[in-house]
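Here are some notes from my read-through, offered in a friendly spirit. I have numbered the points so that you can follow each one in your viewer.

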Amino acid sequence: MCLIVFAWRADRAFPLVLGANRDEFYERPSLPAAFWPERGDLLAGRDLLKGGTWLGITRSGRFAAVTNYRQGNAQSGSPRSRGDLVRNFLTGTVVPHAYLAAVAAERSTFDGFNLLAGDMHELFHFSNRSGDPQPVRAGVHGLSNALLDTPWPKVRQAKAALSALLGADKNALIAGVFALLADRSRPPDDALPSTGVSLDWERLLSPAFIASPDYGTRCSTVLLADRHGEVTFVERSFDAAPATSDIVYTFPLSPSVARAS
């Protein structure tokens with residue numbers, strides 16, 4: 001993912017409201033969101049190159065998402081896929097803070113990343129370009145290719161747009177989050193971050209929704225969990241062509257959540 005905006009325990013009716021754009025080269029093969037045949041409780045897309053995923057949730061309420069940390073040419077080219085970080089959390093039973101503590105011990109074996117991991121009881125963030133895993137406080141947050149809540153223009157705009165949607169009904173929330181994820185406006189050059197890539201790339205990567213001949217927003221996802229334990233997961237795919245039909249999943253969370261440490 002390259003943009004995640006979410007409200008954690010900030011809306012009485014929906015303890016989790018999350019919108020995310022996955023930005024990737026169009027040539028990288030992947031599958032749209034579905035329950036995995038070998039893990040019928042896991043709903044996620046799948047990276048066919050490395051086998052991991054960028055965003056997912058289980059029927060027990062475990063959810064996770066990852067973004068890359070942009071540092072120009074400073075990446076090491078680690079063979080370890082950051083998509084494994086999400087997959088391994090979703091297929092495991094370790095509580096979020098303990099899982100991220102284990103990931104932190106191996107931080108140097110991955111290129112730069114941000115990882116969100118939660119289970120409806122707790123939510124933690126960790127980046128291997130910062131310190132230790134930290135609990136996410138209740139409120140509205142944004143994450144792109146820097147640390148959590150770094151005020152890049154698209155992060156500020158997305159957080160403001162999501163904040164204005166809180167309190168709306170389910171259909172309005174879904175429509176509103178998709179609208180903010182579709183924003184293609186670019187900030188002026190003097191508002192762009194400096195992340196070690198060229199100015200042309202900073203401009204290209206600056207909107208919430210990215211479009212270019214080879215690289216762009218591959219899918220947008222809206223994930224809601226309401227106070228009654230019902231999950232709604234909607235994915236809209238783009239690739240290099242116009243949007244396909246939405247994929248919609250609605251299911252109740254299982255009454256018990258595995259919380260082994």
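1. Let me start at one glycine. Gly-83 belongs to helix H1, which covers residues 83-90. Please keep in mind throughout that this is a predicted model. Is Gly-83 buried or exposed? With a relative accessible area of 13%, Gly-83 falls under the 20% limit, so it counts as buried. Setting aside residues up to four places away in sequence, Gly-83 touches Gly-52 and Thr-53. Trp-54 is also worth a look here: Gly-83 and Trp-54 are 29 residues apart in sequence, yet their C-alpha atoms are 5.6 Å apart in space.

2. Next, the open sheet. Seven strands make it up, in the order E3-E4-E5-E6-E7-E8-E9, with antiparallel pairing. Its edges are strand E3 (30-36) and strand E9 (134-135), each of which pairs on one side only. Within this sheet, E5 and E6 are joined by three bridges in the antiparallel sense. If you want a register to check, Leu-55 stands opposite Ala-65 in E6.

3. A second pairing to look at is that of E1 with E10. These two strands run antiparallel and are joined by five bridges. Phe-6 stands opposite His-141 in E10. How many of the residues of E10 are buried? Five of its five are, so to speak of E10 as mostly covered is fair.

4. Phe-6 leads on to the nonpolar interior. The largest nonpolar core has 25 residues, and Phe-6 is among those with the most contacts inside it, together with Ile-4, Leu-16, Leu-18 and Ile-57. Strands E1 (3-8), E2, E5 (55-58), E6, E11 (215-225) and E12 (230-237) each supply at least two residues of this core. A second, separate core has 22 residues, including Ala-158, Val-177, Leu-180 and Leu-224. As background, nonpolar side chains tend to be buried together in soluble globular proteins.

5. The neighbours of Phe-6 make a good list to display. Not counting residues up to four places away in sequence, Phe-6 touches Val-17, Leu-18, Leu-116, Leu-123, Val-136, Gly-139, Val-140, His-141, Leu-148 and Leu-162. His-141, the residue opposite Phe-6 in the pairing with E10, is thus also one of its contacts.

6. Phe-251 deserves a similar look. Phe-251 lies in strand E13, residues 247-252, and counts as buried at 3% relative accessibility. Leaving aside neighbours within four places in sequence, Phe-251 is in contact with Phe-35, Leu-43, Ile-57, Thr-58, Arg-59, Gly-229, Glu-230 and Val-231. One of these, Gly-229, is 22 residues away along the chain, with 8.6 Å between the two C-alpha atoms.

7. Two backbone angles could use your eye. Most residues other than glycine have a negative phi. Met-120, however, has a phi near 75°, and Met-120 sits in the loop between strand E7 (113-118) and strand E8 (123-127). Asp-149 has a positive phi of about 65°, and its place is in the loop between strand E10 (139-143) and helix H3 (153-165). Met-120 is buried, with a relative accessible area of 19%. Asp-149 is buried too, with a relative accessible area of 19%.

8. On to the open space. The largest pocket holds about 940 Å³. Of the 34 residues lining this pocket, Glu-24, Arg-28, Asn-68, Arg-82 and Tyr-215 are the closest to its centre. Strand E2 (16-25), strand E6 (63-68) and helix H5 (199-205) each supply at least two lining residues, and E2 gives the largest share, with four. By type, the lining of the pocket divides into 12 nonpolar, 11 polar and 11 charged residues.

9. Last, the enclosed space. The count comes to one cavity of 30 Å³ or more, and the largest cavity has a volume of about 50 Å³. Which residues line the largest cavity? They are Arg-70, Trp-152, Pro-153, Lys-154, Pro-193, Glu-202, Leu-205 and Ser-206. H3 and H5 are the elements that give two or more residues to this lining. Its residues divide into four nonpolar, one polar and three charged.

Definitions and conventions: Residues numbered from 1 in each chain as written. Predicted model: local features only at pLDDT ≥ 70, side-chain atom pairs only at ≥ 80, totals over all residues. Heavy atoms only, no water. 1 Å grid on protein atoms, 1.4 Å probe; cavity = no way out; pocket = protein on both sides within 12 Å on 5 of 7 lines; lining within 4 Å. Points joined across faces, edges and corners; volume = space filled by probe spheres on them. Nonpolar A, V, L, I, M, F, W, Y, C, P; charged D, E, K, R; others polar. Core = buried A, V, L, I, M, F, W, Y, C linked by side-chain atoms within 4.5 Å. Buried < 20%, exposed > 50% of the residue type's maximum accessible area, 1.4 Å probe, protein only. Contact = heavy atoms within 4.5 Å. Pairing = 2+ DSSP bridges.
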